[in-house]
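Got your viewer open and a selection box ready? Let's walk through a few spots, one pick at a time.

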Amino acid sequence: MSQALQIGVTGGIGSGKSMVCRLFSCLGIPVYSADSRAKWLTNHDPVIREKVTALLGPQAYNESGIYNTAYVAPLVFSNEALLKELNAIIHPVVMSDTESWVYQHSDSPYVIKEAAIMNAAGDKNTLDYVIVVEAPVSLRISRILSRDNRSEKEISAIIERQVSDEKRREIADFTVINDETTALIPQIMKLHRIFMNGKNAG
């Protein structure tokens, strides 16, 4: 059974990478959201739960058994060593989960893996190509303001902490412009045709 081509999709907060992935999904292409799946696994995987509780204490999960982000986030983001330990618990489980998912979709011509943080294709990953989704910062901020309970100051701070557009372009095999001026669907259709040709995509 030949393995599906693996395409990474990344971009800064508010760039619209989820919209891009939804369009691929509409074309029948399987999509794996690493960030959403990591949240699900952190809540439901017993090994993660046990190790996170041992590392951060019982407050790491609330009374309903849900991962307590409000408690964990300030704790780990002010302590780099602790953040590394937390990532060392969660990341291997997510990687294993991803591998199983890819195997389950081996009959697809290609699959999409969405993540906020991504290396270049082949750099510590199994990706064949990386798509970077871009949008102007002002538009990204307005999108987040309309969907999240965050202030403009908070959003700007998140954008500042994330990888710059310039750095993302260095890992991009393909770029999708999602600025609400450039037509999005034709860009996705063009990439879909390219990826349907498999390993000759580059």
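What follows is a short tour of salt bridges and helix contacts. Keep in mind that this is a predicted model.

**Stop 1: the charged pairs**

Start by switching on the charged side chains. A search of the whole structure turns up 9 salt bridges, and we'll visit some of them.

Select arginine 169 and glutamate 134. Their closest N and O atoms sit 2.7 Å apart, in a salt bridge. Arginine 169 belongs to helix α8 (residues 165-171) and glutamate 134 to strand β4 (residues 129-134), so you're looking at a link between distant parts of the chain, 35 residues apart. Now colour by accessibility: which partner is buried and which is partly exposed? Glutamate 134 is the buried one, because its relative accessibility of 11% is under the 20% cut-off. Arginine 169 comes out at 43%, so it counts as partly exposed.

Leave those two on and add Glu166. Glu134, Glu166 and Arg169 are joined in a salt-bridge network.

**Stop 2: from α6 to α8**

Next, pick arginine 140 and aspartate 165. Their side chains form a salt bridge, with 3.8 Å from N to O. Arginine 140 is in helix α6 (residues 137-147) and aspartate 165 in helix α8, so this pair ties together parts 25 residues apart in sequence. Buried or exposed? Both arginine 140 and aspartate 165 are buried.

**Stop 3: arginine 143**

Stay on helix α6 and select arginine 143. Which acidic residue does arginine 143 form a salt bridge with? The partner is glutamate 180, and the closest N and O atoms are 3.3 Å apart. Glutamate 180 lies in the loop between β5 (174-177) and α9 (184-196), which puts the two residues 37 apart along the chain.

The two ends of this pair look quite unlike each other in an accessibility colouring. Arginine 143 counts as buried because its relative accessibility is 15%, under the 20% cut-off. Glutamate 180 has 59% and therefore counts as exposed, the cut-off there being over 50%.

Now show what surrounds arginine 143. Setting aside neighbours within four places in sequence, its contacts are Gly14, Ser15, Gly16, Ala135, Asn178 and Glu180.

**Stop 4: α6 against α7**

Widen the selection to the whole of α6 and add helix α7 (residues 152-161). The two axes come within 10 Å and cross at roughly 125°. That angle is why α6 and α7 are called oblique to each other. The crossing is right-handed.

For the side chains, show Val137, Arg140, Ile141, Ile144 and Leu145 from α6, plus Glu152, Ile155, Ser156 and Ile159 from α7; these make the contact. Arg140 is the arginine from Stop 2, salt-bridged to aspartate 165. Sorted by class, the α6–α7 contact has 6 nonpolar, 1 polar and 2 charged residues.

**Stop 5: α1 against α9**

Last pick: helix α1 (residues 17-26) together with α9. How do their axes cross? They come within 10 Å, at roughly 55°, and α1 and α9 are therefore oblique as well. α1 passes α9 in a right-handed crossing.

Display Met19, Val20, Leu23 and Phe24 on the α1 side, and Leu184, Ile185, Ile188, Leu191, His192 and Phe195 on the α9 side, to see where the helices meet. Colour this set by class: the contact of α1 with α9 has 9 nonpolar residues, 1 polar and no charged ones.

Definitions and conventions: Residues are numbered from 1 along each chain as its sequence is written. This is a predicted model: local features need pLDDT of at least 70, side-chain atom pairs count only at pLDDT 80 or more; totals for chains, interfaces and linings use all residues. Side-chain values use heavy atoms; hydrogens and water are left out. A salt bridge is a side-chain nitrogen of Lys or Arg within 4 Å of a carboxyl oxygen of Asp or Glu. Helices (H or I, at least four residues) and strands (E, at least two) are DSSP runs, numbered from the N terminus. Buried means under 20% relative accessible area, exposed over 50%, partly exposed in between (1.4 Å probe, protein chains only). Axes are lines fitted to C-alpha atoms, for helices over the stretch in contact, and angles run from 0 to 180 degrees between N-to-C directions. Angles under 35 degrees count as roughly parallel, over 145 as roughly antiparallel, 65 to 115 as roughly perpendicular and the rest as oblique. A crossing is left-handed if the near helix is turned anticlockwise from the far one by less than a right angle, and right-handed if clockwise. Contact means heavy atoms within 4.5 Å. Ala, Val, Leu, Ile, Met, Phe, Trp, Tyr, Cys and Pro count as nonpolar, Asp, Glu, Lys and Arg as charged, and the others, Gly among them, as polar.
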